[in-house]
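Subject: Structure handover

Hi,

Here is the structure I promised to pass on to you. Have a look at it first, and my notes on what turned up follow underneath.

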Amino acid sequence: MKIVRVFFIVVLVFVILMPYTTAKPGDYEYKIVQYVALGDSIAGGYGLEDVQRESYVGRVAAALEDRYGAVRLKNFGENGLRSDELLDILEDEDNEQHDSYMEAIQKADLITLSIGSNDLLQYLSRDADLQDFKKNGDRLFTEACQKFSQNIPGILDIISQNAPNAQLFVNNIYNPCNDISFGISEEMAKNLEQMAEQYIQKLNKGFETKRVQSVFNPKKKSKKSRKYALVDVKGAFENSDEKLINMMISWRSIDPHPNREGHRVIAELIIPQIDLDKEK
């Protein structure tokens, strides 16, 4: 009993003599990486059996947990989301999704963005008029690319203003017709690929505007400038020998989403570049 009493006295003296410290706001959150995934059904992991494990968002989250100890993921990936709809969510305070998006973005350490494909695919919906599409398709696709080039700088501006210290990765748009798996003639498949490539190149030029490039590649290099990166998903998919896309096409039935291996490739483009100011 005497030994126990001496032990407690020593502990009490140690506690009394310890320097007094107070917990600051965020101390208990600091080691939890806040990851926000924005975008369309690609970000949402459409078509995968196990989204949490197989999607690029889930793979990035797993890598963050391994590297930094803990991660809190908010995945806003939404089927069919277009760039104009995402911009409206971010800038319109009356939009019912605005508050949840902004709260997550403002807390984010890492943000990934996949948007733009539906700006074109909206015209290939089940309700599309085939004859009207043949007549006006070029105009519709060209206008969609122009609108995207106007929307994407606004999206990035809002993200950068509300999450100035977050690392941001933005995926460019791949050509799903490079990996077609359905029964048509080789000539028709080639024509379809070339037609899609024409507009996807125009769409991706939206990432090359002066406003966007000022975010990705500012003239004056700084710590902030290194936190933004354009992810060349298109180039990676084109240079791969693997089948990376669930490309099944019939009129009014299209599945241009990445498969499990496609998501792996996207994740492998992002993960090595992650560099957060966090401690494990």
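Accessible areas here come from the Shrake-Rupley method with a 1.4 Å probe. On that basis the accessible surface of the chain is about 16300 Å², and carbon and sulfur atoms account for 51% of it. Please keep in mind that this is a predicted model.

On confidence, the chain averages a pLDDT of 81, and 72% of the residues score at least 70. Residues 10-29 have a pLDDT below 50, and that stretch makes five contacts in the model beyond near neighbours in sequence. Where pLDDT is low, the predicted coordinates should not be read in detail.

As for the overall layout, the chain has twelve helices and seven strands. Of its 280 residues, 45% are buried. Among contacts in the chain with a separation of 6 or more, 78% are between residues 24 or more positions apart.

The largest nonpolar core holds 40 residues, and L38, L90, I111, L113 and I152 have the most contacts inside it. Elements giving two or more residues to this core include β1 (32-39), β3 (110-114), β4 (167-171) and α8 (130-162). The biggest contribution is from α8, with nine residues. L113 is a good place to start looking: leaving aside residues up to four places away in sequence, its contacts include L38, Y56, L86, I152, F169 and V170. There is also a second, separate core of 29 residues, with A61, A63, L64 and Y174 among them.

Next, β4, where five of five residues are buried. Q167, F169 and N171 point one way from this strand, while L168 and V170 point the other way. That fits the general pattern: in a regular strand the side chains alternate between the two faces of the sheet. β4 pairs with β3 in the parallel sense over five bridges, and four bridges join β4 to β5 (residues 228-231), also parallel. N171 takes part in both pairings: N171 is the bridge partner of S114, and V231 in β5 is the bridge partner of N171.

One last residue for you: is H98, in helix α6, buried or exposed? H98 counts as buried because its relative accessible area is 10%, under the 20% cut-off. A polar atom of the H98 side chain lies 3.2 Å from the backbone oxygen of L90. H98 also touches I89, L90, E91, D92 and E93, not counting residues up to four places away in sequence.

Happy browsing, and best wishes!

Conventions: Residues are numbered from 1 along each chain as its sequence is written. This is a predicted model: local features need pLDDT of at least 70, side-chain atom pairs count only at pLDDT 80 or more; totals for chains, interfaces and linings use all residues. Side-chain values use heavy atoms; hydrogens and water are left out. A nonpolar core is a set of buried Ala, Val, Leu, Ile, Met, Phe, Trp, Tyr and Cys residues joined through side-chain atoms within 4.5 Å. Buried means under 20% relative accessible area, exposed over 50%, partly exposed in between (1.4 Å probe, protein chains only). Contact means heavy atoms within 4.5 Å. pLDDT is the predictor's confidence in each residue, from 0 to 100. A polar contact is a pair of N or O atoms within 3.5 Å; within protein, one must be able to donate a hydrogen and the other to accept it, and residues adjacent in sequence count only if both atoms are side-chain atoms. Two strands pair if DSSP finds at least two bridges between them.
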